[in-house]
Every structure is written in C-alpha cells, then in structure tokens.
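Let's take a friendly walk through a protein model, one feature at a time. Keep the structure open beside you as you read.

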Amino acid sequence: MNPMCFPKPAPGSCPRAWQEPPSSFSEGPRPRLQLRESTLPALTQTLAPTPTSSPVLPGSAMDSATKDEMQPSLPPGSSCPGPEWPEQERAEQLARGAALKWASGIFYRPEQLARLGQYRSREVQRTCSLEARIKSVVQSYLEGVKTGVWQLAQAFEAVQGTREALDQAHGLLQGMVEATETLKPLREQVAQHKQLQVLSQLLPRLRAVPAAVAHTRTLIGAQRLLEAYVCLRELEQLQEETWAPLGGLELPVFEGLGPLAEALGQAVEAAAGVAGRLAREDPALLVAAVRVAEVDARHTTSLELPPRDWQRRCLQALQEGLERTHFGTPLLLEPGALAGWLEALRVALPAELATAEALVAPCCPPHYKVVRLWAHTLHSGLRRCLQQLLEGPKLGAADAFALLHWTLHVYLGPEMMGSLELGPEADVSQLEPLLTPENIEQLEAMFVTQIQVNVAQWLQKALDGEVAEWNREQEPGTDSSGFYHSPLPAIVLQILEENIRVTSLVSESLQRRVHGMALSELGTFLRSFSDALIRFSRDHIRGEAMAPHYVPYLLATLNYQSALSSSVSVLQPDGAASGDLAPVEAGLDELQRRICRLVLEALLAELQPLFEALPSRRWLSSPELLDDVCERTVRFCQDFRRVRNPAVQLLLAEAERTVVLQYLRALMQGRLVCRGADERIQAAQRLQNDAAQLRELFLGLGLEESVHCAPVLLSLRDLLNLRDPMLLGLEVAGLRQKFPDVSEDHVSALLDLRGDVSREQRLAALSSLQAGPQPSLSAGHRALFSLVPVPTPALSSCLPSGPCA
C-alpha cells in the first residue's frame with residue numbers, strides 16, 4: 001500500500017473497513033460469474049497491486065504478506081481490536097467477494113483485459129483525490145484546535161486576575177466588619193437616647209392612660225358604645241406611637257387595653273343579640289353597636305395583635321339571639337301539645353320577619369341583608385329544633401299529622417314564608433326543606449302505624465257492640481222502608497273514609513299509605529265479622545247460646561254486607577288504581593256466601609224431616625207432603641222481605657235451589673219403585689204438580705222465574721212418563737243436554753224408580769250418556785245433580801266403563 005495515500009491513524013483510533021465497492025462496480029450489467037478454478041489464480045495475480053498503485057479492490061485475492069502490510073499499526077494500550085476483530089474479518093470477506101464479482105463481470109471476455117491499465121490509473125487518481133481532501137480536513141481541524149488552546153490560555157489569565165481582585169476585596173470587608181463591631185455600643189446608646197426622647201415627649205399622655213381606661217369602662221357600662229370606641233381608638237393610637245420607636249417594646253401601662261377591647265366587643269355582641277327588642281325600644285344603641293363593628297372592620301393597625309373580627313361576631317350574635325328567642329329552650333311537649341306550639345310559631349315568625357324588615361333593617365348596613373338573615377336564621381333554628389324533636393320520644397298520631405301538615409303546607413303557605421308581604425330580599429327560595437325525605441318517611445310511617453292501631457280498636461269495638469245485639473230478645477231494627485238496618489256499616493265506612501280524606505290535606509304519599517291501611521283493616525274486619533257469624537251459628541246450633549231471633553239477625557247481616565258493598569267505593573280516592581278494591585270486594589263476596597250458607601243451613605234443618613217421607617205411596621196419591629214443605633218454606637222466608645236487593649234475589653234463588661236439591665236427593669234414595677204403568681203415570685203427574693207448586697211458591701216470594709231450578713222436575717217427569725223403554729236412550733241424552741252434570745248413578749236411580757227397565761235397556765240408556773259430543777257447561781249453569789249424592793248402585797246396573805264398575 002502506498003504510504004502517501006493513507007495517513008497513519010491516530011493513537012487509540014480504529015481503522016474502518018472499506019465496506020462499499022467503488023462506484024464503477026455498479027456500472028453496466030453484471031454477468032454471471034463463470035470462471036474455472038484454473039483461471040482464478042492467474043486473474044488474481046494480474047489484479048495484485050504494485051507499490052505505487054491504488055489500494056487493492058474489495059474482494060481481490062492477496063497473500064498474507066500483503067495483508068500484514070495493510071494492517072495499521074496500533075500504539076501500546078490501544079483499545080482497538082487486532083486483526084482477529086470479527087467485524088473486520090467479515091468486512092474483508094465481503095470486500096473480497098464484491099471485488100471478485102466486479103472482476104468477473106468486467107473481465108468476463110479476454111478482450112477486456114487490455115483495459116486493465118486504464119482501470120488501474122482511474123483508481124489511482126480517485127485515491128489521490130480522497131487523500132487530498134482528507135489532508136485538507138485534518139489541516140483545518142488542527143488550526144481550530146490551535147485557536148481554541150490560545151483562547152483557553154487567555155481565559156485562564158483573566159480568571160487568575162479576577163481571583164486576586166476578589167481576595168483583596170474580601171480582606172477589605174473583613175476590616176470593615178471589625179470596625180463595625182467597635183461602633184455597636186455607640187448604636188445602642190443612640191437607640192436608648194431616641195427611646196428616652198420619645199418617652200419624655202409622650203410622658204404626659206402616658207400618665208393619663210389609666211384614667212382613660214377607667215373612663216372607657218364607664219362608657220361601656222353605660223352602653224355609650226361609640227364614645228367608648230373613640231376612647232379605645234385613642235389609646236390604641238398612643239400605643240402605636242410608642243410601639244414603633246421603642247422597637248416593639250410593650251409598656252405595662254397598656255396591658256389593660258386587651259381586656260378593655262374585649263369588654264367593648266362583648267357589649268357590641270350583647271346589643272346585637274337583642275336586636276329585635278332594641279329596634280323597638282332603643283334603636284340608637286343598636287345603630288351604635290353596628291357602627292362600632294363596621295368601623296373596626298375597616299381599621300388597620302401596625303401592632304401585632306390578633307384580629308378582633310367584631311363584624312363577624314356581631315352577625316353571629318344577631319343569629320344566636322334570634323334563635324335563642326324562639327328556639328332557646330328544649331322542646332318538651334305533652335302528647336297532643338305540638339299543634340299549639342306550631343300555631344304559636346305561625347303567628348310569631350311572620351311578626352318577627354315584619355319587625356326585621358321595618359325596624360331592624362334600617363339600623364344595619366345594606367350588606368347585612370337583614371331580612372334574608374332573619375328568614376334563614378329562623379328557618380335553620382326551626383329546622384334544628386324539629387330534628388331534635390324527631391330524635392326524641394316517639395310522637396303520637398295527632399302530633400305527627402300536625403307536624404306533617406304544618407311543615408308541608410302552613411309553613412310554606414301564604415300566611416308564613418309564602419306571604420306576598422315578604423319581599424324578594426328574604427330569598428326564601430334558597431331555604432332547605434324543614435323536613436328531609438327521610439323525616440317525612442319516618443313521620444308518615446309513624447302516623448300510619450298508630451292510626452292503624454286506633455282504627456283496628458275502633459272497628460273491633462263496633463263489631464263487639466253489634467255481636468252483643470244478636471242474642472237480644474228483640475228483632476233487629478228496621479229503617480223507614482222496613483228493611484233490617486244497623487249503623488255498623490256507616491260507622492265502619494265513616495271511620496275509614498275520614499282518615500283517608502284527612503290525609504289528603506297532607507300529601508298524596510300519606511293518603512296512599514292510609515288508603516292501603518284502610519283497605520287492609522277493612523279486610524281484617526270482614527274476616528272478624530265472618531268468624532263472629534260462625535261462632536254465633538255454632539253456639540246457636542249446639543244450644544250453648546240459643547238466639548231468639550237467629551235467622552232475622554243473619555238476614556240483617558246480609559243487609560250490612562250489601563250496604564258495605566254498595567258504599568265501599570267511597571274509600572277510593574281520586575286517581576287510585578281500580579284494582580285496589582279487588583281484595584275487599586272478594587272479602588265482601590265471601591262474607592255474602594257465608595251468610596247465605598248459614599241461612600240455607602237453617603232452612604235445610606227445617607225441611608230435611610219433611611223430605612224423609614218423599615217419595616212414597618202417600619206422596620203418589622196426595623200433595624200433603626209437598627204442602628207441608630211449601631208451608632214451612634213460606635214461614636221461613638217471610639222475613640226475606642226485609643232484605644234489600646240484590647241480596648234478596650240471591651237468597652231466594654239459593655233457597656229455591658236448596659228445596660229442589662232436597663227433592664232430587666229424596667228421589668235418588670230408591671225408597672219407591674213403581675209397580676206398573678199406572679204408578680209411573682202417577683209419579684210423573686206428581687212431579688209436574690210439584691214443579692208447578694214450587695214455581696208458584698217462589699214466584700209469590702218474589703223470585704224471578706228465569707233463575708228457577710224447579711223445571712228439572714219436568715225433565716224427570718218426561719223420563720218417567722215414557723211408555724216405550726226402548727226410547728229411554730233418547731230421553732237420557734236429552735236430559736244430559738239440559739243438565740250436563742247428570743251422571744250414570746243419577747240416571748240409574750231414576751230408572752230404578754220406573755221399575756220396568758231390563759238390564760239390556762238400562763245398559764243401552766246409560767251408554768247414550770257417553771255417545772256423541774259431551775255438552776259443555778255454560779257460564780250461567782247452576783250445578784244441580786253434582787250436588788245430589790246417590791246410593792252406590794248394584795254392579796249389574798253399571799256399564800263396564802262406568803264409575804261404579
């Protein structure tokens with residue numbers, strides 16, 4: 001390698017491998033390398049550089065001596081890696097490979113070897129150009145370094161000069177400090193001289209300080225607050241004049257100023273605490289107290305004293321005095337006395353606000369906002385008082401209702417905070433509610449709980465009074481129309497309706513609560529009423545307490561039920577859901593059924609002995625048996641006329657059905673079997689006559705014909721009157737269509753009554769019950785046969801698939 005072309009690297013530096021091929025490597029297309037191994041050594045020898053040539057091209061072959069010559073020498077202690085540096089070796093390998101590719105591409109054909117000299121000279125020129133540029137850069141760098149070294153030398157000389165000058169100044173300052181220490185006693189003497197001079201000038205005024213303090217106390221005691229404040233300010237001014245010259249030294253003569261100022265502040269607070277009374281009796285004193293607080297708030301002093309803050313204390317005293325006047329004593333009220341206390345507040349609070357607006361506000365600065373301060377202070381005091389009241393003993397129902405109504409309506413109404421005379425300066429719209437939602441919930445629950453207990457007691461007392469009358473010797477009372485009457489329904493509804501109506505004056509939520517409670521208690525009352533009727537009936541039947549007028553009183557309770565049913569809607573407030581009354585209406589219906597059942601049981605007890613002789617031979621030939629039944633029924637139902645519609649219609653319909661059911665039950669018992677066609681004709685005629693007699697009976701009692709059950713006897717008459725037993729199947733099918741609840745047992749019992757039906761005919765007739773579509777029960781169908789038991793028939797008379805088989 002030519003030493004003129006590559007400068008020697010600096011000590012400690014590392015030579016960078018040539019990692020890019022010459023620019024001519026990329027010129028022209030690069031043909032595929034197709035050199036045989038025999039030509040590669042010769043080509044490598046040809047490309048080997050001479051001592052004066054340019055550096056070996058990357059990738060060219062070179063011997064070990066040439067490689068050692070190209071390695072730069074490193075000084076001792078250098079951190080650069082040696083020839084074994086992996087990156088350098090890799091770079092050399094890449095360079096050789098690139099050179100080999102370039103040579104194989106350029107010298108692919110033999111005629112191109114003639115241009116080898118041109119390529120060599122071109123590379124030599126390029127190398128020399130690079131060396132020249134490198135030399136120029138290094139030269140400019142060295143010149144810059146030389147200039148920097150010269151500047152550093154100049155700066156070092158300047159720093160040395162400055163350090164010497166600072167050392168000289170430090171020595172001079174040390175000498176001045178020593179000279180100053182010698183003057184310190186002199187300065188102290190000068191300061192003492194000045195203080196003595198000030199004290200000598202102020203000595204006459206300082207001697208008058210004790211007398212001025214005593215005079216100021218006298219003025220405070222006489223409530224001459226403005227004059228007392230002027231004297232206090234003069235004393236404090238004198239204290240300021242002595243404080244600065246004396247260097248903050250506090251003279252003993254001024255020790256009484258602190259307690260004196262506190263006494264004046266307490267006098268100002270005391271006057272503000274009774275602002276309402278002073279505004280009426282001595283407004284000048286109130287004005288003086290407020291002016292003292294306002295002037296002192298604007299006053300500044302150089303004395304290191306804690307702030308007096310009389311303005312804040314004056315406003316606080318105004319609020320505390322107002323609360324103390326109306327809410328100072330603990331609220332300990334007797335039960336029921338809360339309404340009187342609230343009524344007194346209704347009168348006192350508006351009067352207090354009127355006094356504040358007319359008398360107190362002119363005595364105070366506008367920024368005090370006296371009317372707003374009065375309104376908010378009274379409100380907060382009342383709110384705190386009510387919270388303490390709710391945290392105390394549990395309120396009664398009357399007190400809870402009075403408090404809810406007063407806070408929700410009276411307090412915010414036109415007589416108090418909603419008054420038109422109360423101007424906008426009161427700012428009542430910013431007031432918090434007297435009672436929180438939790439308080440209202442607590443009061444409502446408290447009121448409803450106690451009212452529920454009271455209502456339950458009242459209803460039970462009314463029920464006990466009514467039950468006590470059921471065993472009287474007299475019949476139930478009647479009204480002007482002749483119907484059984486009792487004040488019990490009116491009392492019950494009045495108790496409940498009044499509680500619901502009164503709570504509407506408070507809030508919808510309370511009304512909903514009381515409405516639900518009223519319906520619940522009414523349901524409980526109905527159940528208690530029903531239980532009392534059961535006990536009344538049981539005692540009468542067992543003979544433990546025979547009621548002289550058992551049935552009339554049962555009929556009277558039916559009127560009570562009707563009155564409750566027709567008037568229960570008065571308990572429904574406007575806007576309430578219509579389904580709220582459903583449980584009560586269901587309870588009333590159940591009570592009506594219970595009463596009717598008890599009445600019918602009494603009727604049944606009278607009729608059952610008469611039906612024991614039916615049917616019989618005597619029944620076939622004479623209507624006397626049914627005449628007795630009708631006579632007993634008429635006598636029993638004569639009091640039904642004192643029952644109001646529609647209950648009387650329901651009672652008559654049930655009574656008529658009870659008679660018909662007993663009639664059917666007697667027919668099904670198998671007491672009579674017709675001996676021939678004549679007896680069957682007689683039985684059919686008797687059924688027709690009995691049906692007509694029962695129809696006339698109940699029509700006479702007032703029952704509508706559309707609900708009669710006696711026509712079933714006519715259908716049975718047709719079954720008995722049939723002459724050809726082969727047609728019984730058709731007749732039985734028709735009976736099934738009219739009365740879907742008829743069963744095989746009933747039909748079999750009726751066929752037994754005919755007495756002429758063979759086993760085959762019976763089976764054919766019974767099979768018609770299952771033939772064809774089964775009839776469906778209509779909405780207005782009243783069960784008859786399903787309520788009539790029959791004796792178990794013989795197995796020979798049953799169908800193989802029947803219930804008796």
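## Starting on a helix

In which helix is the place of Val149? Val149 sits in helix H4, which covers residues 116-207. Keep in mind as you explore that this is a predicted model.

Val149 also belongs to a nonpolar patch on the surface. Its partners in the patch are Ile134, Val138, Tyr141, Leu142 and Val145, and together the six residues have about 550 Å² of accessible area.

## Charged pairs across the chain

Now for some charges. Side chains of opposite charge can pair when their charged atoms come close. In this model, the count of salt bridges comes to 32.

One of them joins Arg308 and Glu236, with the closest N and O atoms 2.6 Å apart. This pair links distant parts of the chain, as the two residues are 72 residues apart. Arg308 lies in the loop between helix H9 (283-298) and helix H10 (310-327), while Glu236 is in helix H6 (residues 225-243). Is Glu236 buried or exposed? Glu236 has a relative accessible area of 5%, so it counts as buried.

## Pairs within one helix

Other salt bridges stay inside a single helix. Glu281 and Arg277 meet at 3.2 Å, N to O. Both belong to helix H8 (residues 275-281), and because they are four residues apart, about one helical turn separates them. Glu281 is exposed, at 57% relative accessibility, whereas Arg277 is partly exposed, at 40%.

Glu590 and Arg594 form a similar pair to look for, with a salt bridge of 3.8 Å, N to O. They too are four residues apart, this time in helix H18 (residues 582-611), so about one helical turn lies between them. Glu590 is partly exposed, with a relative accessible area of 30%, but Arg594 counts as buried at 18%.

Salt bridges can also share partners: Arg233, Glu236, Asp296 and Arg308 are joined in this way into one network.

## A stop at Arg782

Where is Arg782 found? Look in the segment after helix H26 (759-770). Arg782 is partly exposed, with a relative accessible area of 22%.

Which residues is Arg782 in contact with, leaving aside its neighbours within four places in sequence? They are Ala653, Glu654, Arg657, Val707 and Cys709. You can also compare sequence and space here: Arg782 and Asp741 are 41 residues apart in sequence, and their C-alpha atoms are 9.5 Å apart.

Notes. Residues numbered from 1 in each chain as written. Predicted model: local features only at pLDDT ≥ 70, side-chain atom pairs only at ≥ 80, totals over all residues. Heavy atoms only, no water. Patch = residues over 30% accessible without salt bridge, like charges linked within 9 Å, V, L, I, M, F, W, Y side chains within 5 Å. Areas by Shrake-Rupley, 256 points an atom, 1.4 Å probe, with all protein chains shown as cover. Salt bridge = Lys/Arg side-chain N within 4 Å of Asp/Glu carboxyl O. Buried < 20%, exposed > 50% of the residue type's maximum accessible area, 1.4 Å probe, protein only. Contact = heavy atoms within 4.5 Å.
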